[in-house]
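This report describes the arrangement of one protein chain, beginning with a single residue and moving outward to the chain as a whole. Please keep the sequence and the structure in view while reading.

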Amino acid sequence: MKDFQHNQIQSSQEASVHQRTGKETVEAIQNVSKNIRVYSTRMRDTMKTLRESGAIPEMADAIHEASIAVRDTVNDINETTKELKKKGAVVNTASVIENTLKSAKESVANVKEITTAAGKASPQTTKAIQLGIDIAKKEASKATGRVMRGLKHKVGSK
């Protein structure tokens with residue numbers, strides 16, 4: 001095809017430079033005809049080879065199977081999200097986490113009160129309890145962060 005286009009461009013450039021004789025015009029037409037025959041034969045042979053090899057039906061079957069797999073996957077995702085929405089799983093989970101955080105804050109406040117009272121009774125105990133509170137806060141904060149990231153990931157992946 002490139003040869004044909006090259007010849008066509010070259011022929012049009014030659015025509016602009018000088019007028020062709022009748023004989024040159026006939027030769028140009030014969031060259032075009034020959035190129036058409038050559039490319040037609042190549043195309044016919046290629047299609048015959050593809051058909052005989054079974055490549056075309058195999059490709060069509062593969063595309064069909066892939067389309068079914070995508071459709072089924074999308075349907076499964078759709079059904080799952082409908083079920084989660086119907087059950088209120090995400091909203092309920094967020095609510096439970098919120099309640100857990102409130103309880104944890106209340107617990108920390110109670111422990112602080114206990115620590116203050118114990119500190120007055122025994123200064124050594126105060127240090128030990130304060131260390132325990134700090135560790136508990138740190139671990140609770142880490143756990144809450146992991147839960148929130150997991151929840152955000154689940155909500156964001158819809």
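## A methionine and its surface patch

M43 is located in helix α2. The model is a predicted one, and the values below are computed from it. Is M43 buried or exposed? Its relative accessibility is 55%, so M43 counts as exposed, because the term applies to residues with over 50% relative accessible area.

M43 does not stand alone at the surface. Together with M47, L50 and I56, M43 makes a nonpolar surface patch of about 360 Å². Which element gives the most to the nonpolar patch? Helix α2, covering residues 22–53, does so with 3 residues.

## The helices and their spans

The protein chain contains 5 helices and 0 strands. Along the sequence the pattern is therefore written with helices alone, as α-α-α-α-α.

For three of these helices, the distance between the end C-alpha atoms can be set beside the span expected at 1.5 Å a residue. The expected span is 1.5 Å times one less than the number of residues.

| Helix | Number of residues | End-to-end C-alpha distance | Expected span |
|---|---|---|---|
| α2 | 32 residues | 47 Å | 46 Å |
| α3 | 33 residues | 48 Å | 48 Å |
| α4 | 33 residues | 47 Å | 48 Å |

In helix α3 (residues 55–87), the two values agree. For α2, the reach from first to last C-alpha is close to the expected value, and the reach of helix α4 (residues 89–121) is likewise close to its expected value.

Glycines with positive phi follow two of these helices. Just after α2, G54 takes a positive phi of about 80°. Just after α3, G88 has a positive phi of about 70°.

## Salt bridges

How many salt bridges does a search of the whole structure find? The search finds 2.

One of them joins R71 and D72, with the closest N and O atoms 3.0 Å apart. R71 counts as partly exposed, because its relative accessibility is 48%. D72, at 34% relative accessibility, also counts as partly exposed.

In the other, the side chains of E139 and K142 meet with an N to O distance of 3.8 Å. Both residues lie in helix α5 (residues 123–156), where they are 3 residues apart, about one turn of the helix. An α-helix has 3.6 residues a turn, so residues three or four places apart point the same way. E139 has a relative accessible area of 42% and is therefore partly exposed; K142 is partly exposed as well, with a relative accessible area of 40%.

## Burial, contacts and surface

Of the 158 residues in the protein chain, 6% are buried. In α4, the buried residues are I97, T115, A118 and G119.

The accessible surface of the protein chain comes to about 13200 Å², and 59% of this area belongs to carbon and sulfur atoms. Among contacts with a separation of 6 or more, 53% are between residues 24 or more positions apart.

## Confidence in the model

The average pLDDT of the protein chain is 82, and 82% of the residues score at least 70. Where is confidence lowest, and where is it highest? Confidence is lowest in helix α1 (residues 2–17), with a mean of 56, and highest in α3, at 93.

Notes: Residues are numbered from 1 along each chain as its sequence is written. Side-chain values use heavy atoms; hydrogens and water are left out. Patches are made of residues with over 30% relative accessible area and no salt bridge: like charges are joined within 9 Å, nonpolar side chains (Val, Leu, Ile, Met, Phe, Trp, Tyr) within 5 Å. Accessible areas come from the Shrake-Rupley method with a 1.4 Å probe; for residues, only the protein chains shown count as cover. A salt bridge is a side-chain nitrogen of Lys or Arg within 4 Å of a carboxyl oxygen of Asp or Glu. Helices (H or I, at least four residues) and strands (E, at least two) are DSSP runs, numbered from the N terminus. Buried means under 20% relative accessible area, exposed over 50%, partly exposed in between (1.4 Å probe, protein chains only). Contact means heavy atoms within 4.5 Å. pLDDT is the predictor's confidence in each residue, from 0 to 100.
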